[in-house]
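Welcome, and please have your viewer ready. We will walk through some aromatic rings, one selection after another.

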Amino acid sequence: MHTIYTDRHHGHATDDLVIDGQPIEYLETPARAEAILAAVRAAQLGPIAPPTDYGLAPILAVHDADFVTYLRTAYAQGAAYFGEPRPVIAGRDDVTSERAPHCPEDFPGRRDYYTYDYEDPILELTWDAAYWSAQCALTAANLVCNGNGGRTTNGVCAAYALCRPPGHHAMPDQYGGFCYLNNVAIAARYLQADGPVAILDLDYHHGNGTQAIFYADPAALFCSLHADPEWIYPFFWGRADERGTGVGLGLNHNWPLPLHIDDTAYLAVLDEALGVIKDFAPRYLLVSLGLDAAEGDLIGKFRITTDGFREIGWRVAALGLPTVIVQEGGYRIETLGDNAVAFLKAFEA
Ligand SMILES: [Zn+2]
């Protein structure tokens with residue numbers, strides 16, 4: 001299987017964040033992608049290639065143009081506003097609980113308008129990292145639709161986008177949850193030119209951004225297995241009764257799961273989701289591969305083992321669909337690589 005990767009994510013250097021003189025612990029670090037890359041290389045999964053540049057058009061097919069302009073220019077705007085370059089983090093001065101009805105003109109207003117949480121920094125090269133992360137997903141999508149991604153033993157074409165930063169929490173016009181651009185949605189929209197797509201989100205957290213983007217879309221099925229948002233981020237989205245709207249009604253499926261779920265219980269729910277995907281009969285499948293569902297994750301509380309990820313890989317591959325696998329979360333560096341390779345190798349086999 002081809003892996004698409006670029007080290008441009010290093011520019012989003014969140015491992016030595018200092019804000020107002022205080023070091024900030026931020027778990028979405030460059031070491032995550034490096035650990036997975038090292039494991040993919042050691043496992044000889046297949047060729048590792050850099051992304052092709054598909055430009056802004058496929059990003060603008062998902063995200064609001066003013067939001068994209070804000071992401072591109074926020075760091076420079078912040079430096080001009082504060083009189084010095086520094087990480088841009090929303091809500092530092094005055095947190096408002098409700099989003100303004102229109103984007104304000106002033107910088108603090110714009111800064112708080114374009115995110116729904118108050119953790120994620122925009123650094124000098126955050127846009128660059130997010131842009132190339134999206135291009136990784138697009139490149140993998142292009143390999144799969146051209147039949148060049150590498151084939152599994154049952155002849156199915158698949159490719160893996162080792163994206164960082166992740167994407168599934170990014171809304172059409174708001175970033176949050178470590179995510180700036182919605183990589184899987186950008187790839188899915190690109191593939192929709194060929195036919196309907198299904199997105200299976202296996203991250204520990206609900207893929208609220210992806211859900212929002214396709215909520216009224218009759219040509220996209222969204223299935224998400226995640227920790228119950230009653231207790232866990234993103235809190236406001238991910239309930240079972242969120243089923244889509246308009247012509248997309250019935251094509252959004254959420255499985256909020258109990259904390260501490262184990263392999264056996266998880267796999268039973270996965271089978272339900274795979275049944276829904278099979279019935280929809282999409283042209284392509286995209287998998288939001290979050291590894292924070294793993295046992296011992298620093299954020300997630302599920303108990304999915306490495307054997308569990310292997311079994312998940314087999315069962316998803318058994319759908320026999322051309323598949324783009326997009327990296328999302330996962331925060332325990334020690335086991336990230338093993339779990340990614342367990343899924344990817346099993347998928348291939
Ligand atoms: Zn997550």
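Is Phe 302 buried or exposed? Select Phe 302 and show its surroundings: at 1% relative accessibility, this residue counts as buried. Keep in mind throughout that you are looking at a predicted model.

Before moving on, some context: a search of the whole structure finds 18 aromatic pairs. Let's visit two of them.

**First stop: Tyr 81 and Phe 107.** Select both rings. Their centres are 5.6 Å apart and the planes make an angle of 40 degrees, so this pair is tilted: an edge-to-face label would need over 60 degrees. Now colour by helix: Tyr 81 belongs to helix 3 (residues 65–82) and Phe 107 to helix 4 (residues 107–113), so the pair links distant parts of the chain, 26 residues apart. Switch on the surface, and you will find Tyr 81 partly exposed at 45% relative accessibility, while Phe 107 is buried at 7%.

**Second stop: Tyr 266 and Phe 302.** Back to our opening residue, now with its partner. The ring centres of Tyr 266 and Phe 302 lie 6.2 Å apart with planes at 65 degrees, so the pair is edge-to-face. Tyr 266 sits in helix 8 (residues 263–280), and Phe 302 in the loop between strand 9 (284–289) and helix 9 (306–317), 36 residues apart. Tyr 266 is buried, with a relative accessible area of 1%.

**Third stop: a cluster.** Select Phe 67, Tyr 70, Tyr 113 and Tyr 114, which ring pairs link together. Then add Arg 99: its charged end sits over the ring of Tyr 113, 3.8 Å from the ring centre.

**Last stop: Arg 86.** Here the charged end lies over the ring of Phe 82, 3.7 Å from its centre.

Notes: Residues are numbered from 1 along each chain as its sequence is written. This is a predicted model: local features need pLDDT of at least 70, side-chain atom pairs count only at pLDDT 80 or more; totals for chains, interfaces and linings use all residues. Side-chain values use heavy atoms; hydrogens and water are left out. Rings of Phe, Tyr and Trp (its six-membered ring) pair if their centres lie within 6.5 Å; planes under 30 degrees apart count as stacked, over 60 as edge-to-face and the rest as tilted. Helices (H or I, at least four residues) and strands (E, at least two) are DSSP runs, numbered from the N terminus. Buried means under 20% relative accessible area, exposed over 50%, partly exposed in between (1.4 Å probe, protein chains only). A charge sits over a ring if NZ of Lys or CZ of Arg is within 6 Å of the ring centre and within 35 degrees of the ring normal.
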